[in-house]
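This report describes selected features of one protein model. The sequence and structure are shown first, followed by notes on strand pairing and on ring contacts.

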Amino acid sequence: MRRVAAIVAVVVALALTACTGVDDGKDEPTKKDEKASSLPLPAKAPSARGPAVGPALEPKVLLAASDDLEQLTGSLDTAQVQRRSDAFISGNTVVGYSVDNISGYALDSGKQLWTADLDLRGGTVCFVSQPDRAVKTFTVAYGESSFCPNLATIRVSDGKVVSTSDKLSGMTQFQGGLAGGTVNHLFTVKGQDFIVDMDGVVWKMVKGEPEPVTRLEGDSYFDLHPTPEGDVLIGSRLSDDACRVDAYELPSFEHTWTTDNAALFPEVTKDCIISAAPGNSAWLAQETGDRYYLVQVDPATGQVLGRANAPKDSGGKAAVGEFDLASASNQFDQALGLDGGDTIFTQVRGMTRYSLKTGKIVWDLDLSQLQLDSTEEFPLTTVLPQGVTADGYVVASVSNNTAAEIVAVDVKSGELAGRWPVPPEYRNGFQVDPGMTLFGGGLVLTRNFEAWDFTFADYRDVKPPEGDLYDIGVFTFPKAGDSASGTAATVVPTVGPTDVDATGLGGVTSPAAAGDADRRAGAIRTGSLLIAYAGNVLTGIDPKTGKQAWSADLAPDPAARVCATPEPVKLVETLLIAVRAAEGAGCDTVLNVQVADGTVVDRLAVPAAAKSASRIVAHEGVMYLITGDRKVSRVEGGALVPHATLAHQPYYLERTPQDPSLLISTATLKGGREWAIEGYRLPSFEPVWSTTASAAFGAKVDPDNTVDAFRGNGLWVSTTSGDISEPDATIKDSLVLLDPASGAVVKRMGPTKRDYAGTDLAQFSLVDAITSGYVSAGFDDGDVVLSQDAGIVRYSLAEQAAQWTVDTSSIQESMERDRGASTVVSHFDVIDGGTTVLVTMSNDTSVELMTLDAKDGTITGRWNVPAQFRNGLQASPDVTFVAGRVALSHSDYSWDYAFAQSGRAVPPEQRYDVGLFSLPAAKKGKAK
C-alpha cells in the first residue's frame, strides 16, 4: 500500500558545519571552521525558565502522514518492527523513511530528490541503515507484520533500488545450526551494514546480498546495542533459564566476554530480564516489584564499575544535584551515552550527566520551568537528550503532547546554551517524544508512533491534536540574531523571565546569631528618609545611597520589638512607634523618635487600663495612638493626651483613596455573629456613619469567618461563609462597595459559590479578589488593582467591570523556584502620583519587581531581586516605596510558613531584615 505524501519545501540557504554523523570526506576543516559553533547560539545564553522567546526552527521538508498510517506499523508487541519514522544524513542528502515511504531530500534546498520504488508486497519498512558517515548505498529490511526477512539495497544519490534479496526467507545451515528468517537487528558499523537474524547469526551485506559471518552466543536478545564509541556490541539474553550479557568486538563480532545475572545483580534472583541502554549498552538495568537496579560495566572486560538501586516511587523529589535513579530508569531507553562511559539521563526535572563508576553527578540541569504551550491542565514535559555535536553540545527535544522545542546544552558544564521552538503550524506529530537526527545546520524530527499511540489511546483522557500530522520534518536552525516574529524584540519582556536585576543598595542585615528568632522587621517612609526596624534596633537609611544615617536601640532588653507603626507618613520631625519593651510583655511602650538622628524624645508607658497599643494612624503629619480600650490619643508635651473614643475596637482599619480623611473600621460583635462597619472622619475621629455586616451583605454572618476591609480601598468589604479548612465544604464569598458619605451599599457581588479551578482573566474571579484583598492597592476613582488566578486586574466595583487585565501566568511560572515550588504572592502599590502600579512577586525562593502603566496595564519595567540580596525577603515581603527606591521587609509570619513549616532549607546567603533596591531604567534599543 502506498500512502499519499504531502511535501512542504522551504528553500533556505544552509551552511553545513561540524556535527556528529556527517562526513563526506571532501573537505578538510579550516581553523576558522574549527572555532565556529555547529549551532547558531545566541550571544547570551537563554533562560531555562518560561517560554522560548527567540527565533523558531525553520521548516525545509515536511512529510505528512496518511489516515491509515497506524494500521501499517504492526502490533505494539512486535519487537522486530521499529514502529516509527526516522532519518539519516549522508553527505548532503537526507534519507527519510516511514513504514511505507523512503525518500531523499537535498539539504541545501529542501528539494525532494527521489522516492524509492520499492515494492513492499503489502508489508512495511522494518529497519533501515543508520550510518554515521556518508555512504553510497543503504539497506532496508521489510516484511509483513512481525516477519521481516526481505532486504533491499538502495542508492543514496537517486533512490534507485539496486537490488533485493529473499535469501533470509529460506532457512539454511551455518556453523552447525539454522540461519535465516526474520531480521531482528540491523547495524551499520563504519559504513558497513550487518544483520542479526532470529537465530543469532550475523550477516554482512555484500553487493546487495547477505553473507553469514558468525554466530552470536544466543539466538534471541532482549537488547543488542553498540557502545557510544562504536567498537563494542553488548547484548542481554535469557538462555538456559539464566540471564546473561555478552559482548562482541566491532566490526569483527568476535565474542569477548559473558557475564550473568548473579554477577551483575546479586540482589535480583527471580524473573530476571536485563535491559541494556540503547544509548550506552555498558549500562544495564534490572527491576523488582518495588526497586530499580543499575550497573555500569567495562565494555572491554564486563567488570562491574559501579552499582546503584532505588525505590521505584521516588516522587520526583530529588534535590538539585541529586541523581534520581527511578526517573532515569523510567527513561532508560532514551539515555544518551558519551565516550568514556558517562551517560546523560532524562530526569523528572530535566537532564543529568552521571557516572556509576564514580557515583558522581557531573552536572544536573533543571529544565522544569521551561514553558511550552499546552492543551492539558497538568501537562507532563519530557526532555530527551538526542545527540551531541562535534563541538560539544547536547541537543535535546522537549515535548508535552501539545508543543515541542529543541534545547542545546554544553556537554561539559551542563549550562543551557540555546533554545528553539518548533513552529506551531509544523509541530503536529513531533510533540510526543520525537526522534531526532542531527546534521550540519539543522535536524530531522520524526514521529514516535508507539509513544503517540500510547498518549492518545482511546481509553486515555488526552485528546489527539487536530490538523495534519507529520511523520518527518527537516528543520534548519535560524540565523543567530533573528527574532521570533521578524520584528525587533520589545525592551521589557511581557512573558517568561527577565534578566534585568534590581540594584541592591544595602539595608539591614540579620545577625548570624539571630537564627530563627522573632525579627518583626519593617520599614517606614518619612519624607525622603527610610526608617527600618528589626530585632531591638531602629535604623535611619538614606534611600538614595543605602547608607545608614543612624542607629538606635528600642529598649534595654534585647527582646524588645516594634509592634505598631504608622503608614503612610509624610515629612515629619518625630515618629511615633509602639514597642514591646521586654520578652513576654504586651505592646506596652510608645516611643516618640527624632527622625533626623534617632534620638528617643519621649518614652511613654501605655496605661494599664488601655491594655496595649494596637494601631498608630498618621494624618497630615500628626500621629494618633489607638489602644486596646478603644481610646485615641496623641503625644503632647511628653504625655499621651486623650483625643477621641471609637465605638468599637477595630479588627480591620483601612483608608480609601477616594477620601483620604475617611477611616473605615470593621469590628466583631456578638462573638462574631455580627460585625460593625463604621466610618470615621480624620483628624477628629468623629463617626460619620455606621452599618452592620448583616445589613451590608443581606444575610447572617458566619461567626467562623471575618469581615474584611480591602487594603487598597476600605470601602470594599468582603466576607465568606463555610469552613474554608474543609476541602469538600461549600464556601460562598460576598463583596460589597460602600458609599463614602453614608456607608450605604452601592454594589454587591455574591454570595457566590467558591470555585478553586483556574479562571480566565476575561471573567472576574471573586474568590481571587477576596483572598488577595490584603495586598491590593487603590486609586482615587475607587478602582482597585488586585490578583487574579492568571494575572492582575484593575477593577471597578462600581461598574463591575475590569479597566484592564495583565496576564502574568508565564511570568509567575518562570520565576526562579526550588523543587518544593510554591504559590506566587503578588503585592501591589500605586506610586508616582497614581500613574504607576508597582508589583512585587515572591514565591518563597525568588522575588521580582514589575511596574505597570496604571492607565492601561502595559508592563513598563521588570527586575529580578538578586540572590545575594534577597535571602530573608523571598517570602511575601512587606513593601515600602520611598524616593524612587523600593524597600522590602522580612515577614516573620510568611517566613515561618515557607521554611519552618515546609521543611525547606534556608539559603546560605546573607539574610536581610530590610533590603533597599533601585530599579535601573530599561536600556534603549533591542532587547536580547
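## Strand pairing

In this predicted model, two bridges join β57 to strand β58 (residues 784-788), and these two strands run antiparallel. One residue pairing can be named: alanine 777 has valine 785 in β58 as its bridge partner.

Both strands belong to an open sheet of four strands, in which the order is β57-β58-β59-β60 and the pairing is antiparallel. The edges of this sheet are formed by β57 (777-778) and β60 (801-807), each of which pairs on one side only.

## Aromatic pairs

The count of aromatic pairs comes to 19. Among them is the pair of phenylalanine 323 and tyrosine 354, which is stacked, with 3.9 Å centre to centre and 10 degrees between the planes. Phenylalanine 323 lies in the loop between β24 (304-311) and α3 (325-330), whereas tyrosine 354 belongs to strand β27 (residues 350-355), so the pair ties together parts that are 31 residues apart in sequence.

Phenylalanine 323 and tyrosine 354 are both buried. They also belong to a cluster in which ring pairs link Trp283, Phe323, Phe345 and Tyr354.

## Charged groups over rings

Two arginine residues are placed over aromatic rings. Arginine 447 lies over the face of tryptophan 452, at 5.2 Å from the ring centre. Arginine 460 has its charged end over the ring of phenylalanine 454, 4.5 Å from the centre of that ring.

Conventions. Residues numbered from 1 in each chain as written. Predicted model: local features only at pLDDT ≥ 70, side-chain atom pairs only at ≥ 80, totals over all residues. Heavy atoms only, no water. Pairing = 2+ DSSP bridges. Phe/Tyr/Trp six-rings, centres within 6.5 Å; stacked < 30°, edge-to-face > 60°. Buried < 20%, exposed > 50% of the residue type's maximum accessible area, 1.4 Å probe, protein only. Lys NZ or Arg CZ within 6 Å of the ring centre and 35° of its normal.
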